Amino acid sequence: HYKKLGTWSCDWTIDLESPVHRIASVKSEYLIVNDEDGELMKLTETEDALSLTSTSVAISDFCMIYPLGDYIVALRKQTNLVVFKVETGEQMSGMTLKSAATTIDANPVYPYLAVSFQNGLVELVSIYNPLKLTSMCNFHLSEKPIDKIRFFEHGQILVTADHKTGDIFIIEESTAKVIREIKTGHQLRSYQFRHMDNFTITWGFDGFILVRDAKFEKQIAVVVAHHRYQGGVKKAYVDALGRYVVSLGVDKILCCTKINNFKVDEALRYDQESLLSSSKFASMFRRPTLGFKPEGAYLNKTWLEVYEIERVLKEEAFCKAEKNEILEEFYSIQSTLKSLVTSNLRAADIEKIDLLEFYLDTNTYNQRKAKNREECRKTETYLKALIEAQNIVSQYVTKTYWDPMGVRGKVVRGIFQKTIATIYTLLPRNEASIRRLAWVEEQRKIEEFLSINCIFEPWLKIPPEELLAQMKYRPKYNNQDYITMQARGLLEDTTSKISIESQIALVGAVTSLYVERNPWHYKQRQLVSFYQCDLQQAIAESEVIKLKQHYNVVFNAMAETKEREMESIKEKHERLRHIIREYNHFTDKKITFEIEDPQWTQEEIPTMFLEVQEDELTITPYISPSEQAILDAKAAEEERIRLALLADDFKERALMVMMNGVLEIKWEDEIKKDVPLPDCMIDKDPADFNEEDLRAVRDYEEKVIILNGEREKYKNMLEVDFTKISTNLRDSIRKFNQKTKDCVEYKMYIDSGMNQENLRVNRARLCQNERIKLYLTEDIINLTIRENETVIERLQETIKRLNEVLNECRANLDNLLLKEKVLEKTFKRDFQEFSTLVQEQATKLYKRRPRASFRGVNTETVLLELAKCLITQEKSLLLTTECIEFLKSLDHLDEFVGLPPTIDEHTFRLICKHRKSRIEFEIKVKAAQMQITDGETTIASCQKRLTYKKEKNIRLGGEIRKCKTDYLYLMHNIQIQIVLRRGLVEIPLTGDLADFKDAVLVPKREIEQINALIKVAGNMKLKTIRENMAFRRKIMATEWEHKKLRMTINDLIEQMNDINATKFLRDMQTYMKCKSRGRKQEIDSLEQEMEVIAAIFENNMREKKETLASVERQVQTYRDHNQHLDKTIQELNIDVCALKLKHDAELEVRESETCKVRMEGIWRRSELVQTIQKNHNQILVLQTELELLRLRTY
């Protein structure tokens, strides 16, 4: 939005989602925008874009839902289905489609519609419940868009088509016949029609919609809802009862027209409503609808693809017999031809004929031969050019990227594993980088030399007395000799007395763990400029190179280790193969498994990329005739040398005779030889053996037994050797693979060191960049404030000038109002001589005015020009249509027609003269009032803009204060990189710097001191607890002895009481007498009775013990269950405590407060918007009433 205050300047901008099609503006502070989707939006300077339209725009297609036709479904922006009620236009529901749709059509009988998509899909959507659209099923017919879809009259046939390819898909078939010809009534060709059970509707490009009955006998209505200049009608529907016509124009305007002169058939309404609420419809939409969902081999294929596959299979099955016959005949001809060719090749040379005679189609053979020769020539040319081009590229790549490298790329793989360790590729160190590093180090030395007595470190704690003593003296420069200090090594950084872990933590890098760190690094708090960051970057790059070189040494050592391991593994594999061969020689159960040697890959030996080996070729290399001649000559020479050596084989033959062709006789070779059979076992029958033969047989058997024993011994030795070598081989491979993994992990540590060095510099650069951004932001805000102040000054001057002009206009209006009395006096003076009746008629004619409205007149210039034309009787080009109509009406009033007889022509001319003067006066007054109104509106607009600019300056002032606060925060809260072990960081980490907002860095020695004190206190506590436990045990033992003695005393007292309380009964006396007199029968009976009583007592005791044992087991079960529950409760308590530790109540409170404040702001804004709308509506009403009052005044 641009405004002109001296020069044109951009006032405010708003970004929109879609391109703008048209912009309209009035004399106000907002714009009306129409985008390409048809949306209307209101844009203001102080608010966001406000949409003025609903979901009823950008409609590309629609259809009416039957059987009643109370609802329509519109397709909006190709992705949304919207349901509207026809009678009220109210939106009922909506549905978002999965992809872009092309067209829709509704079933003429049942309440559902079909939607076709760009991807060849057709989906059925149920409208049985208008408040909720439901997808019924879908048919994937093709991969190409379906642009036409249509239901036939009874809703049983669905036809879809793609006009571009001509594919038409029909669900069922139907028949039709021609009855008679009917005149359409349209004024242009290319119309469309829709036939239903009760009505037929036609529409076309002429904009006419004609509704007839189903038999084409009566024309019910003609609707012109769209103009032919806009393309006419695109689609139209009539509801089932003939009440409404809904149409969609080519201009995407959806219109509903009510038919007033048509009487609705109540019986038809009742039938349709009964049909819709019938159980048939309800059950039909409750049952699932089956679509086209192929499965198995046809999964994810369209109907067209499935149809094509089935057609091919049917044709293949149908033509299978014929195909087999053709193939049999072909094979028969082929075999006959082969036999003829074979006979021709075996025949005598005189009888042979040319092979070309056997070709059944010589012309085709010659053509293919020539074609193949030409293809071979082109292929050869292409391959030679390709090889040449590849050689050029390879040479360029090798020369540019491989040869200049100081350390070339290389990897080491684990043996029979996927672990890969890579080397750091390095360029050779050039003299320029070495000189720059030396210069940077010297620069740092000079900087340290000059800043020895001038170091500002506010983070160090200095006692107030020492600080005051330092502030009494001015900073001094170092008066020592730089060369002397450098020679004595006083500028070198002395090793700190703190531990290596603390040094690494404070430095922020682990470089010193692997290489000697450069002493001239900046401290992290010293990096305050880009120049220092550049110097630090040079030093960091040197550290990175040293780390890479250190790792490369480790990598090269591991690569050499792998070379030795590979040779050792190959030797061991060869030994294992030999063992397997030896073992298979002495056993029937052969061992058959392959031992594969580890191979080098191209990544491990990069030179393999530069050379092509013979085994890498998949085809036999081409050998030219000259090369073949050289190879033949070389093979002939080798054969000649071999034959010459065979002719002089005296040494080999002598060795074969003396030692069987070997220089050393081995035991394993000897046991491979079988014991020779005695002659008797070869020549004689066992029945003819004599003593010597039997002795020879026994010797043979003994030798066989000894040989078998030797062989078993050798096999055992082979097994032990195999096991030992296999174990050693596995251990060596495992150890090397572990070294490879360790090397990979070591590289990760080296990478972390390099990243930490670079991260220190980048963090300092980021801090400086943030500082510069804050400076730029502050400058931009200050510039904006100055521009706003300039605009405010201009606006104030403009408002001042406008007020002056407005006062002049008001004075002019007052002068005009004074003239009104003069006109009245002049009129009365000219007619005072006439009669009263003539005066009354003249007054009525004097007050008569033309019927005209000046609402279309927006400027006072037109009104002044109109007032001028009233007097001069001339027409100006500035006059609008309303003004011209007003002049015509005034001329019509000035005609001497239809007047009372008391008014003559001279009197009427005088009346017209005064009336024109009065009308001229009124128009000038209206023009003056319009000037005042425009001026007040302009002043109000300027005042509003002035207020907005002042408020904006206030906001910008707050932003400047925020920038300064951010700058101070950035300077006070410097980010320091600290490297600690993960176990030393006791802060929940989320990956955000805010995690360390309230962190405290505690030195390790303080923690160790606190831990030492805690250990001392803990030892004292443990000692005290042990003493208390021992003392408690003594007390408990003493208490137990005392309790035991008390219980013994109580038992004795109870026993004495029992004895004293026992009565010596008669039975007891009898028993004692019998026992003393030796009467055994009575004694036995008493003893048996006592035994029975004792047995009963023991049974009762046993039952009680069993009951007690079962109760104890149950108690133990409950105890175990309780322990399990206690353990579970403890784990849950631990989890709850962990969650409580992670739980941030303050964060939740802040989030809830933020949400609450935001909701209150949204609610307050909505209330303000409603209030503004009400005020705006009230202002419009008041303006209308004001215009009406002004009209009544005139």
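This is a short tour of charged and polar side chains to select in your viewer.

Before you start, note that this is a predicted model, where local features need pLDDT of at least 70, side-chain atom pairs count only at pLDDT 80 or more, and totals for chains, interfaces and linings use all residues. Residues are numbered from 1 along each chain as its sequence is written, and side-chain values use heavy atoms, with hydrogens and water left out.

**Stop 1: a positive patch.** Select Lys148, Arg150, Lys234 and Lys252, which gather on the surface as a patch of positive charge. A patch here joins residues with over 30% relative accessible area and no salt bridge, like charges being joined within 9 Å. Lys148 sits in strand β15 (residues 148–151); strands are DSSP runs of E with at least two residues, and helices are runs of H or I with at least four. Lys148 counts as partly exposed because its relative accessibility is 43%, the classes being buried under 20%, exposed over 50% and partly exposed in between, with a 1.4 Å probe and protein chains only.

**Stop 2: a buried threonine.** Now go to Thr103 in strand β11 (residues 101–106). At 11% relative accessibility, Thr103 is buried. Show Asp61 as well: the two side chains make a polar contact at 2.7 Å (a pair of N or O atoms within 3.5 Å, one able to donate a hydrogen and the other to accept it).

**Stop 3: a negative patch.** Select Glu560, Glu563, Glu567 and Glu571, which form a negative patch on the surface. Glu560 belongs to helix α10 (residues 530–585) and is partly exposed at 45%.

**Stop 4: salt bridges.** Side chains of opposite charge can pair when their charged atoms come close. The structure holds 23 salt bridges, each a side-chain nitrogen of Lys or Arg within 4 Å of a carboxyl oxygen of Asp or Glu.

- Stay in helix α10 and pick Glu574 and Arg577, 3 residues apart, about one turn of the helix. Their side chains meet at 3.3 Å, N to O.
- Add Arg581 and Asp597 to see a network of salt bridges that also includes Glu574 and Arg577.
- Move to Glu637 and Arg640 in helix α12 (residues 625–647), whose salt bridge spans 2.5 Å, N to O.
- Finish with Arg413 and Glu603, paired with their closest N and O atoms 3.9 Å apart. This pair links distant parts of the chain, 190 residues apart: Arg413 in strand β25 (residues 411–413) and Glu603 in the loop between α10 and α11 (607–610). Arg413 is partly exposed at 23%, and Glu603 is partly exposed at 35%.

Note on methods:
Patches are made of residues with over 30% relative accessible area and no salt bridge: like charges are joined within 9 Å, nonpolar side chains (Val, Leu, Ile, Met, Phe, Trp, Tyr) within 5 Å. Accessible areas come from the Shrake-Rupley method with a 1.4 Å probe; for residues, only the protein chains shown count as cover. Lys and Arg count as positive and Asp and Glu as negative; His and the chain ends are not counted. The place of a charge is taken as NZ of Lys, CZ of Arg, CG of Asp or CD of Glu.
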